[in-house]
Amino acid sequence: MLRIIRTSLRTGRVTEAYPAESTARYYRGRPKIDPARCDFTAACAASCPSRAITISQKEDGGQRWQMDLARCVFCGLCAEACPNGAITVTGEFELATHSRDDLIVGVTRAPAAVMSRTPSPPPVAAGDSRNDRPDIKDGCNKLSNRLRSLLKRSLHIRHMAAGSDNSCDWEIAHLLNPVYDVQRLGIDFVASPRHADLLLVTGAVTRNLEIALYATYQAMPSPRLVVAVGDEACGGGVLQGSYAVAGGVDRCLPVDVYVPGDPPRPQAIIQGLLIALDRLEPRVRRVEMVGRPTAPAPR
Amino acid sequence: MLVAEAARDAEIDTLKEEVYRSLLAPESAENVNLKVTLGRLAEACTAVNRHLGAPLATMVGLDDRERTGKYRLIYVFSAGRRWVSVETEIDPTNPRFPSVTPGLPAAHWYEREVQDMLGLIPDGHPDPRRLVLHDDWPEGVFPLRKDFDPSGPVPRVDGYKHRFHHLHGEGIVEIPVGPIHAGVIEPGHFRFAAVGEVVLHLEARLFYSHRGIEKLAEGKRFDHVLQIAERICGACSLSHAVAYSQAIESIAGTVIPQRAAILRTFYLELERLYNHIGDLGNICAGVGFAVGASQGGRLKEEMMRLNERLTGNRFLRGVCSIGGVRLNPSTEVVRDAANTLHKIEAEFRNFVDLLMGTEPFLDRLTGTGVVSYQAARDLGAVGVAARASGVDCDARRDHPHAGYGALQIAVPVRTSGDVHARALVRVDESLISFALARELLSSLPSGPLAVEVRELPTYETAIGVTESPRGENVHWVRTGKNGSIDRYRIRSASYCNWPVVALAVPGNMVPDFPLINKSFELCYSCLDR
């Protein structure tokens, strides 16, 4: 007993005060593009293992470079592949947001002859996600607002691994260690979905768990929130195209907050939870940039 | 015995010669490939297993109909430092083979998986139920056949019903648990048959996290598959990435630079350390010892922050590349790593003193969840689970990879086979790993980080092996055309050890299951793929 007390006293307080303070100097986070250096050679798109970067030809002869951070696995290979050094990896990790659209970064360039000042309307990114259906999304928002006002300082979470690679689940488990200690924020995990306000889902939703995911969601009392944690839950990650996965949580349930990352750091998950409760504002917004014009063809 | 039998049968002359040669030259470094007819398959496998004392390392089913018009099965055994493969062909008009399982229990899951994924039926298998595919998967659709179209949706159908084993008798109750559990863990379904508190029988239904990774890799470029290999599992990210890279490098005939080999080894030891320390903390959580759980969690966090400082990722992702490593740690970071490891080691020793000085904690561990030596051997257990039951195995020593060949690897073995032994093996190994990490950091050579691998020969196979924190991972790879992957078989440590968990539980209390499970700390995602 004395040994236990001595150990506890010697250790002292180790809990950190995120979001008041954060540590991420070395994290391999969000890749950033410099539109002035991008020459649309597609080396980055070819190197991307999760098809997060796409380059498309536009009807007017121009080109569009697009990165979907919901699909990004933060490997940094695009930055290595770019011959012009247009992509740099930053330590930015607070990428949680309400809409997949916020996670799009686009660079558009007009054809050489006609230089347009404004980029054309961007293509829709999210595919056939449930969030595209306005009826579901609106109803969900109303409930979410009510939930937020009622439960801003007290949130009960049911975690569900819907076929993840367990990295996100480990990071969620770490939220309960003495360093992150989410209970200090009024957030706790519960054993039954019937006691939960929020469903914290990891993984691209495997075929063998899809029905269990629905059942868990159905068992939760309304109003309820859904947060997708990690690249696989947000956009399928490297598993896109497999026969055994749905390819993201929003293919199955309406998602209130996306937390990109492979896996997101524990602090990024806390940020996502606080955004779900309206206690923090998302830091990411959709970015549309104009690229360097195509070099005129040599005469 | 086999040799004498083989002499009677001209049909397996090659088998006789090969086995004889390999028996005579146990120190030979060369891998052996035995081609046998279907009728001789079981005999050859049990002979290699018994005569060479070689455990089954993996089994691969291949749809080779395009090239040879046949299916192919390859049973790979680990004989000393060599691989002995027993290979047979199956005619597509009659896709059946005699099961090897009755003479080689370790083959039981592999053969069920081949039945699910390729439609090859193991005749005489004692338990031919579905394993990977769940009840609503349609009959006659086999994902690993080359003519399976992965892009289209596979319909959910009624028809198949998984039969659990039921125990009948007065007072026996059946307790179903999962696939979604009360804590923050991965999905699996467990059926306990219990009388009062005591478990009589446990059956696990797993593969809820099956993501079709082996099929996903087929046809993809070899460097993209590395990114998939790294994401098979979180806790074993690096050991999977290194195992895959080594298989590709051996196909390409590439020797990685010395600095890369040492860095890989160093990072593999970091992976072992953060997992072992975290696992010891989780064992404390399993018995409700909150101070121990907090200390374990805190030390694991320190290790994961070191991972992030060194590599930009807390799970050491992005370290490995085909041909070497990607990230070059600066001298400043290397110094930081040495200091941090020194500090954490001292704190870890205090943590261990705390655990080993707390009698009520030890009382819960001792005699709980016992796995016998025989069970561990027969089921082919690996890693901590095997070493705690007296099986002396460690891929770092038995199949030297990365930079382990130049190191003296001590392999701690305990014999009591209970939760206590598994905890002690982790303690011993962590202390050895701290010393190894220190040694590797001080001997870090300068030089290039990687050599480029541009092209791969077609239809070449190789095996990559690593010792992950859970045990030996075996990756079997065959290349396809234009630098693509034709077949990728991933056998993780958890694949071998999950069946052992089911044997460790009967005789214990139901509430001790989480503790026993945590003492193995197996990955569902490694297994389910």
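**View 1. Salt bridges and polar contacts between domain 2 and domain 3 of chain B.** The two domains share 0 salt bridges (a side-chain nitrogen of Lys or Arg within 4 Å of a carboxyl oxygen of Asp or Glu). In this predicted model, local features need pLDDT of at least 70, side-chain atom pairs count only at pLDDT 80 or more, and totals for chains, interfaces and linings use all residues. Residues are numbered from 1 along each chain as its sequence is written, chains are lettered from A and ligands numbered from 1 in the order in which they are written, and side-chain values use heavy atoms, leaving out hydrogens and water. Polar contacts join 3 residue pairs, both residues at pLDDT 80 or more. A polar contact is a pair of N or O atoms within 3.5 Å; within protein, one must be able to donate a hydrogen and the other to accept it, and residues adjacent in sequence count only if both atoms are side-chain atoms.

**View 2. The domain 2 side that touches domain 3 in chain B.** Strand 8 (189-195) and strand 9 (198-205) each supply at least two residues of this side. Strand 9 gives the largest share, 5 residues. Strands are DSSP runs (E, at least two residues), numbered from the N terminus.

**View 3. The buried area between domain 2 and domain 3 of chain B.** About 880 Å² is buried between them, 76% of it on carbon and sulfur atoms. Buried area is the accessible area (1.4 Å probe) that two parts lose on being put together, summed over both. Glu197(B), Val199(B) and Leu202(B) supply 52% of the area that domain 2 buries here, more than any other three residues.

Notes. Helices (H or I, at least four residues) and strands (E, at least two) are DSSP runs, numbered from the N terminus.
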